[in-house]
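User: Could you take me through this model by way of a few questions, reasoning each answer out with care?

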Amino acid sequence: MTDKQKILVVDDDENIAELIGLYLNKECFETKLVYDGEQALDAMKNFTPDLVLLDIMLPGMDGYEVLREIRRTTSLPVIMLSAKGETFDRVLGLELGADDYIMKPFDSKEMVARVKAVLRRSVREKTSTSAETELSQECVTYPDLVINLTDYTVHYQGKLVDMPPKELELFYFLASHPNQVFTREQLLDHIWSYDYIGDTRTVDVHIKRLREKFKDNPDWKLGTVWGIGYKFEYYEK
């Protein structure tokens, strides 16, 4: 019998936290409920969850701060929870490294579906990475740049660049197909898979973050093809 996957639920509204826990327990997840940011960071060490459902509006340390702390040490899947509906709030969560975003009030079936989808992606990534260690390295190389999908590392101008797995996978995929244009929908399908519940804004956010990390290289860049999508432009000499 396999161990249950563990979900850490962080919400200062105890009624909502208990309701989420109830829905997830029915789906055979093991859950732990905490009600502020400090408790969440403690639970990360003691409970070792497979995924975190993280509310933004928390007393003291808010959800964004908690997410920053989580991302300092791990790429653990995090889904943000919030009553905030502005694009800015969703984009900020994604830019900080959240894997998905659920608006309150939410439908219980949708919430469970999003949790399962993010966990499936996480399991596939771990399985893929484990299998690749026995094979030759998968990497692409350009002037000043090496993207290695085998050990999930990127070196730029001789320095290691830290980035979340999805960001690296997107960069690798585009760089593996130089000067080929991909639509946002194609990138969503390839990188986030068919079961991703989101919108094309996710691709835009990840491209923006990549551009901030890799600026002004004379040999290559991430280009926009207006009205279509993105490509990795390589100026071969």
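Analyst: A residue counts as buried under 20% relative accessible area, as exposed over 50%, and as partly exposed in between. The model is a predicted one, and Asn179, with a relative accessible area of 43%, is therefore partly exposed.

User: Where is Asn179 found, and what is the sign and value of its phi?

Analyst: Asn179 is found in the loop between α6 and β10, the latter spanning residues 182-183. Most residues other than glycine have a negative phi. Asn179 is a residue other than glycine, yet its phi is positive, near 65°.

User: Which class of accessibility does Cys28 fall into, and what is its phi?

Analyst: The place of Cys28 is in the loop between α1 (14-26) and β2 (30-34). Because its relative accessibility is 51% and the class of exposed residues begins over 50%, Cys28 counts as exposed. Although Cys28 is not a glycine, it has a positive phi, of about 70°.

User: Where does Pro105 lie, and what is the omega of the cis peptide bond that joins Lys104 and Pro105?

Analyst: Pro105 lies in the loop that runs between β5 (100-103) and α5 (108-132). Most peptide bonds are trans. The bond joining Lys104 and Pro105, however, is cis, and its omega is about -5°.

User: How many helices and strands are there in the chain, and what percentage of its residues is buried?

Analyst: The chain holds 8 helices and 12 strands. Its accessible surface comes to about 12,400 Å², with 50% of that area belonging to carbon and sulfur atoms. Among the contacts with a separation of 6 or more, residues 24 or more positions apart account for 57%. Of the 237 residues in the chain, the buried ones make up 48%.

User: Are helices α2 and α3 roughly parallel or roughly antiparallel, and how do the residues of their contact divide by class?

Analyst: Helix α2, residues 37-46, packs with helix α3, residues 63-73, at an angle of about 20° and with the two axes 10 Å apart; because angles under 35 degrees count as roughly parallel, α2 is roughly parallel to α3. The crossing in which α2 passes α3 is right-handed. On the α2 side the contact is made by Gly37, Ala40, Leu41 and Met44, and on the α3 side by Val66, Glu69 and Ile70. The residues of this contact of α2 with α3 divide into 5 nonpolar, 1 polar and 1 charged.

User: How are α6 and α7 oriented to each other, and which residues make the contact?

Analyst: Helix α6 (residues 165-175) and helix α7 (residues 184-192) pack with their axes 10 Å apart and at an angle of about 120°, which falls neither in the range of 65 to 115 degrees for roughly perpendicular nor over 145 for roughly antiparallel, and α6 and α7 are therefore oblique to each other. The crossing of α6 past α7 is right-handed. The residues that make the contact are Lys166, Glu169, Leu170, Phe173 and Leu174 of α6, together with Leu187, His190, Ile191 and Trp192 of α7. By class, this contact of α6 with α7 has 6 nonpolar, 1 polar and 2 charged residues.

User: Is Thr153 buried or exposed, and which residues does Thr153 touch?

Analyst: Thr153 lies in strand β8, residues 153-156. Because its relative accessible area is 18%, Thr153 is buried. Its C-alpha is 8.3 Å in space from that of Met163, and the two residues are 10 apart in sequence. If residues up to four places away in sequence are not counted, Thr153 touches Val146, Ile147, Asn148, Leu160 and Leu168.

User: Which classes of accessibility do Asp89 and Arg90 of helix α4 fall into?

Analyst: The place of Asp89 is in helix α4, residues 87-95, and Arg90 is found in helix α4 as well. The C-alpha atom of Asp89 is separated by 9.2 Å from that of Ile56, 33 residues apart along the chain, while the C-alpha atoms of Arg90 and Met103, 13 residues apart along the chain, are separated by 9.4 Å. With a relative accessible area of 8%, Asp89 is buried, whereas Arg90, with 29%, is partly exposed.

Technical notes
Residues are numbered from 1 along each chain as its sequence is written. This is a predicted model: local features need pLDDT of at least 70, side-chain atom pairs count only at pLDDT 80 or more; totals for chains, interfaces and linings use all residues. Side-chain values use heavy atoms; hydrogens and water are left out. Helices (H or I, at least four residues) and strands (E, at least two) are DSSP runs, numbered from the N terminus. Buried means under 20% relative accessible area, exposed over 50%, partly exposed in between (1.4 Å probe, protein chains only). Contact means heavy atoms within 4.5 Å. Accessible areas come from the Shrake-Rupley method with a 1.4 Å probe; for residues, only the protein chains shown count as cover. Axes are lines fitted to C-alpha atoms, for helices over the stretch in contact, and angles run from 0 to 180 degrees between N-to-C directions. A crossing is left-handed if the near helix is turned anticlockwise from the far one by less than a right angle, and right-handed if clockwise. Ala, Val, Leu, Ile, Met, Phe, Trp, Tyr, Cys and Pro count as nonpolar, Asp, Glu, Lys and Arg as charged, and the others, Gly among them, as polar.
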